[in-house]
Amino acid sequence: MAAISFDPSTNVQVNQKSHGVLVEEIEGLIRVHKNGHVERPPIIPIVPCTATSGVTAKDIVIDKFTGLWTRIYVPNYSNKMPLLIYFHGGGFCVGSAAWRCYHEFLSGLASKAGCIIFSVNYRLAPENRLPAAYDDGIETLMWVKQQALSGSNEHKWWLSQCDLSSLFLAGDSAGANIAYNVATRLGSHGGTSASSGMKPLVVKGSILIQPFFGGESRTATEMHATPQVNSALTLPASDAYWRLSLPFGSNRDHPWCNPLANGTPKLRELRLPPTMVCVSEMDILKDRNMGFCNALGGAGKRVETKIYKGVGHAFQILHNSPSSHIRTQEMISHIKTFINQ
């Protein structure tokens with residue numbers, strides 16, 4: 001989820017202390033001042049990791065120095081389950097694994113799809129520009145590997161139920177971008193697959209939900225898509241997020257933003273796991289997502305494309321259209337099939 005609509009009627013209060021010139025603002029979500037001060041109004045409720053029906057949830061610190069932590073969801077299944085490493089959306093700049101919308105979506109996904117989920121609370125930009133989020137993704141995988149190799153008693157409550165030979169990288173919007181870039185890193189470390197050097201972990205696939213990519217050249221849906229009421233992503237917000245998250249001096253054809261840009265390593269040379277891409281029909285990213293899928297397929301990669309009719313960006317998190325619930329259940333069914341094939 002790269003952005004969330006803001007209803008001014010909620011009248012969220014923020015600290016009015018002067019911090020100098022305001023250089024970037026996405027209304028209701030983030031304000032960045034010239035002196036480096038960042039404000040993120042609490043527009044989405046934070047919830048504790050309370051257990052839900054049939055699912056145990058716990059927060060675990062991975063790196064106390066960087067603040068990296070994860071919320072782990074373990075459904076009450078007797079069989080060993082696949083493991084999803086999930087990255088939340090928010091344009092790399094906002095969002096939390098503790099946001100209520102993610103807690104509800106992922107606890108439901110864990111229960112219905114029958115999988116263990118690590119919801120990664122990675123570092124945010126602009127305080128920590130890319131590649132910080134990618135680094136946190138790799139560190140999370142290495143932490144899981146370390147616990148598996150050590151046979152940790154402390155983490156037996158999830159390790160004993162986890163099929164480490166069936167690991168998936170997943171995320172929505174900016175989180176899908178993170179999942180993809182973590183997969184490309186794993187595939188560039190030598191060996192014959194994205195899992196080389198990760199034993200006993202085996203990366204079986206990536207699930208990219210409305211992946212947040214960009215480019216200097218606009219697509220047709222970026223320029224001409226009919227604005228939705230309560231749209232979760234607008235072009236101005238998208239551009240602002242890239243300005244805040246990419247390395248200083250970069251433009252939107254940086255390979256982390258535009259994986260199809262000139263100068264980007266050729267897709268055919270990348271060792272990528274099978275990929276499922278979830279595309280929303282009413283999303284301004286629709287054309288960019290479809291172009292990405294076509295490029296993967298043209299490079300000989302295994303890719304499954306799922307299109308969700310009548311819904312926009314982050315519908316499965318925000319439930320901001322009449323058909324969101326039905327489409328969310330379709331998505332969960334598609335994910336369940338993909339991780340169990």
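**A buried strand residue and its surroundings in a predicted model**

At 3% relative accessibility, Cys162 falls under the 20% cut-off and therefore counts as buried. The model is a predicted one. Cys162 is found in strand β8, which covers residues 162-172. Leaving aside residues up to four places away in sequence, Cys162 touches Lys80, Met81, Leu83 and Ile116. Met81 lies 81 residues from Cys162 along the chain, yet their C-alpha atoms are separated by 5.1 Å.

Contacts across the sequence also appear in the totals for the chain. Among contacts between residues at least 6 apart in sequence, 75% join residues at least 24 apart. The secondary structure comes to nine helices and eleven strands. The radius of gyration is 19 Å, which agrees with the value near 20 Å for a compact globule of 341 residues. Along the principal axes, the C-alpha atoms fill a box of roughly 50 × 45 × 40 Å. Of the 341 residues, 56% count as buried. The accessible surface comes to about 14300 Å². Carbon and sulfur atoms account for 51% of that surface. The chain carries 31 positive and 25 negative charges, and the mean positions of the two sets are 7 Å apart.

Helix α6 spans residues 235-245 and is mostly covered. Nine of its eleven residues are buried. Polar and charged side chains are included: Ser238, Asp239 and Ser245 are among the buried residues of α6. So are Tyr241 and Trp242. Leu235, Ala237, Ala240 and Leu244 complete the buried set. These buried residues pack against two strands, β1 (22-26) and β2 (30-33), and two helices, α4 (174-187) and α5 (220-224). At the N-terminal end, α6 is capped by Thr234. A side-chain oxygen of Thr234 lies 3.2 Å from the backbone nitrogen of Ala237.

Helix α5, one of the packing partners of α6, contains Thr221. Thr221 counts as buried because its relative accessibility is 13%, under the 20% cut-off. Its side chain reaches the backbone oxygen of Ile284 at 2.9 Å. Thr221 also touches Asp283, Leu285, Lys286 and Asp287, besides Ile284 itself, when residues up to four places away in sequence are not counted.

Several loops show backbone geometry of note. Most residues other than glycine have a negative phi, and most peptide bonds are trans. The peptide bond from Ala125 to Pro126 is cis, with omega near 5 degrees. Pro126 is found in the loop between β7 (116-121) and α2 (132-150). A cis peptide bond also runs from Lys199 to Pro200, where omega is near 10 degrees. Pro200 has its place in the loop between α4 and β9 (203-209).

Positive phi values occur at Ser173 and Ala314, neither of them a glycine. Phi of Ser173 is near 55 degrees. Ser173 lies in the loop between β8 and α4. Its relative accessible area is 0%, so Ser173 is buried. Phi of Ala314 is about 65 degrees. Ala314 is placed in the loop between β11 (303-308) and α8 (315-318). Ala314 is likewise buried, because its relative accessible area is 0%.

Technical notes. Residues numbered from 1 in each chain as written. Predicted model: local features only at pLDDT ≥ 70, side-chain atom pairs only at ≥ 80, totals over all residues. Heavy atoms only, no water. Helix = DSSP H or I, 4+ residues; strand = E, 2+ residues; numbered from the N terminus. Rg over C-alpha atoms; globule rule 2.2 N^0.38 Å. Buried < 20%, exposed > 50% of the residue type's maximum accessible area, 1.4 Å probe, protein only. Contact = heavy atoms within 4.5 Å. Areas by Shrake-Rupley, 256 points an atom, 1.4 Å probe, with all protein chains shown as cover. Lys, Arg positive; Asp, Glu negative; His and termini not counted. Charge placed at Lys NZ, Arg CZ, Asp CG, Glu CD. Polar contact = N/O pair within 3.5 Å; in protein donor to acceptor, adjacent residues only side chain to side chain.
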